[in-house]
Amino acid sequence: MSFNTFGHLFRVTTFGESHGPAIGCVVDGCPPRIPLTEADIQPYLDKRRPGQSRFTTQRQEPDAVKILSGVFIDEASGQRVTTGTPIALLIENVDQRSKDYSDIKDKYRPGHADYTYDVKYGLRDYGGGGRQSARETATRVAAGAIARKIVPGLTVRGALVQMGPHRIDRARWDWAEVERNAFFCPDAERAKFYADYLDGVRKAGSSIGAVIEVVAEGVPAGLGAPIYGKLDGDLAAALMSINAVKGVEIGAGFGAAELSGEDNGDEMRLGNDGKPRFLSNNAGGILGGISSGQPVVARFAVKPTSSILTPRRTVDRYGRETEISTKGRHDPCVGIRAVPIGEAMVACVIADHYLRQRGQVGDTPSWPLPKRTER
Ligand SMILES: Cc1cc2nc3c(=O)[nH]c(=O)nc-3n(C[C@H](O)[C@H](O)[C@H](O)COP(=O)(O)O)c2cc1C
C-alpha cells in the first residue's frame, strides 16, 4: 500500500520529508565490487542543489550525502566498494523555514497537491509540503549516481530544450554549453534569452513551465521486456513520477502522429563494423519496448510552479472560499532543477533493465544470427 519503492533488481526506496531532519534512500540490488564513495554521488547532487542562481529557490541546502551502509574497503584494491548489500544514503535538511508555510496551512494552492493529500489522508504536512515536495528528488539523484556505475559505457545527459513557448534552436545544440549556463540549456543564445525572460516571470510573481530532454548513450541493445516491462513504459512511469511532470515522450513522441510511415520508420543499413546502423532515431532507441542500441531519447514536460505570489482564488480545508498568494522560497521554473532528476530516473531504469537482462538472458546473442538449418 505504500509506494515509496521503484525498480525490480535495482531497487530504490526513498524516505523523508522536506522539513524533517533528513531525507534519504536505500538502494538494494546493486552488484558487489563497484567502487563507490560520496565523491561519486556529490557532483550530481550539486547540479540539483537549490540556491545556486537567482533562477532557482533561495533555500540553502548543502545536500551533502553520507553513505551509511553497503560499502567496504576491498583489500586487494584498497578502494571502497559496494558489497551487494543495501546501500543507505542520507542527506540532512539544514535550511527548513516552516513559518513560510503558515499562511497556506489551511488553504489549497491551485495546481499543488494540497487538496488531494488532505482529501486522501485527512491531514497533510503543510510545513514544507512533506513528501509532496520535490525535496525528495535529491535522494533519487543520489541513487542515479550509483545506477550510472552499473552499466558499462553508459552516459546519461539531460538538457532544457524549451521554457514556456520558447524552444531552443536544435542546430545550435552544444552539450558543453549545458554545463556553462544556469538553465542546463544546450543553446547558448537561448540561455541568454531565458535569463531575461525568467527574470520577468519572477518579478511578475509568476512562474513558467519547461521541456527537458534526456539522452542515454551506450545503452546495449536488448534491454526491456515485452509486454508489461517495456523499457519505454518504465521510463515513462519513472519520469512521470517526478514532481510537476505532466507529459513524457520517447523519440519523435507526439510528433510521430504527424509523420508518414516512410518518414517515421528508422531505415537500417550496415555500418563499417558489420553491425546495423539506423539512418534516423524517431524510435528514441526503443522498438517493441526493447532497446535497439541507438541512443535512448526521452522528453518530459514540467508544468509551471504552483506556488506563486500572484493572488489566486481557492478554498480552504474547512469549506470556505478564499484567496491565496504564496510567499516563501520557490523556483520560478522548476523545470531547470528537473534536469538532473530526469537524468537520474533514466539511469535508474536503464540500470534496472540491464540487471534484469543479465538475469534472464545473460550474454545477448551475437549478431548476425546463424542461418536457420533446413528441416
Ligand atoms: C525540482 C523541483 C522543485 C519544485 N519546487 C516547487 C516549489 O518551490 N513550489 C511549488 O509549488 N512546486 C514545486 N515543485 C512542484 C511540486 O512539487 C508539484 O507540482 C506538486 O508536488 C504537485 O505534484 P504534481 O505537479 O506532480 O501533480 C517542484 C518540482 C520540482 C521538480
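**A walk from helix α6 to an open sheet**

Let's begin with helix α6, which spans residues 231–240 and has L231, L235, A238 and L239 as its buried residues. Because these residues cover an arc of only 95° around the axis, they sit on the same side of α6. The model you are looking at is a predicted one, so please read what follows in that light.

What lies over that side of the helix? The cover over the buried residues of α6 includes two helices, α3 (137–148) and α8 (338–360). Strands contribute as well: β11 (245–250), β14 (286–287), β15 (290–291) and β16 (296–302) are included in the cover.

From α8 we can step along to the segment that comes after this helix, where L369 is found. Is L369 buried or exposed? With a relative accessibility of 56%, L369 counts as exposed, because the cut-off for that label is over 50%. L369 also belongs to a nonpolar patch on the surface, formed with L270 and W367. Together, the residues of this patch have about 350 Å² of accessible area.

Now let's turn to the sheet. Five strands make up an open sheet, arranged in the order β1-β2-β3-β7-β4, with antiparallel pairing. In general, the strands of a sheet pair through backbone hydrogen bonds, and they may do so in a parallel or an antiparallel way. The edges here are β1 (5–6) and β4 (65–67), each of which pairs on one side only.

Starting from the β1 edge, β1 and β2 are joined in the antiparallel sense by two bridges, and T5 stands opposite T13 in β2. The hairpin of β1 and β2 has four residues between the strands, and in this hairpin G7 takes a positive phi near 95°.

Strand β2 itself (residues 11–16) is worth a pause, for it has two faces. On the covered face you will find V12, T14 and G16, while R11, T13 and F15 make up the uncovered one. T13, on the uncovered face, is the β2 residue we just met opposite T5.

Moving on across the sheet, β2 is joined to strand β3 (residues 22–28) by six bridges, and these two strands run antiparallel. R11 stands opposite D28 in β3, and a hairpin links β2 to β3 through five residues.

At the other edge of the sheet, β4 is joined to strand β7 (residues 87–92) by three bridges, again with the strands running antiparallel. Here I67 stands opposite L89 in β7.

Notes
Residues are numbered from 1 along each chain as its sequence is written. This is a predicted model: local features need pLDDT of at least 70, side-chain atom pairs count only at pLDDT 80 or more; totals for chains, interfaces and linings use all residues. Side-chain values use heavy atoms; hydrogens and water are left out. Buried means under 20% relative accessible area, exposed over 50%, partly exposed in between (1.4 Å probe, protein chains only). The arc is that of the directions from the helix axis to the C-beta atoms. Contact means heavy atoms within 4.5 Å. Patches are made of residues with over 30% relative accessible area and no salt bridge: like charges are joined within 9 Å, nonpolar side chains (Val, Leu, Ile, Met, Phe, Trp, Tyr) within 5 Å. Accessible areas come from the Shrake-Rupley method with a 1.4 Å probe; for residues, only the protein chains shown count as cover. A salt bridge is a side-chain nitrogen of Lys or Arg within 4 Å of a carboxyl oxygen of Asp or Glu. Two strands pair if DSSP finds at least two bridges between them.
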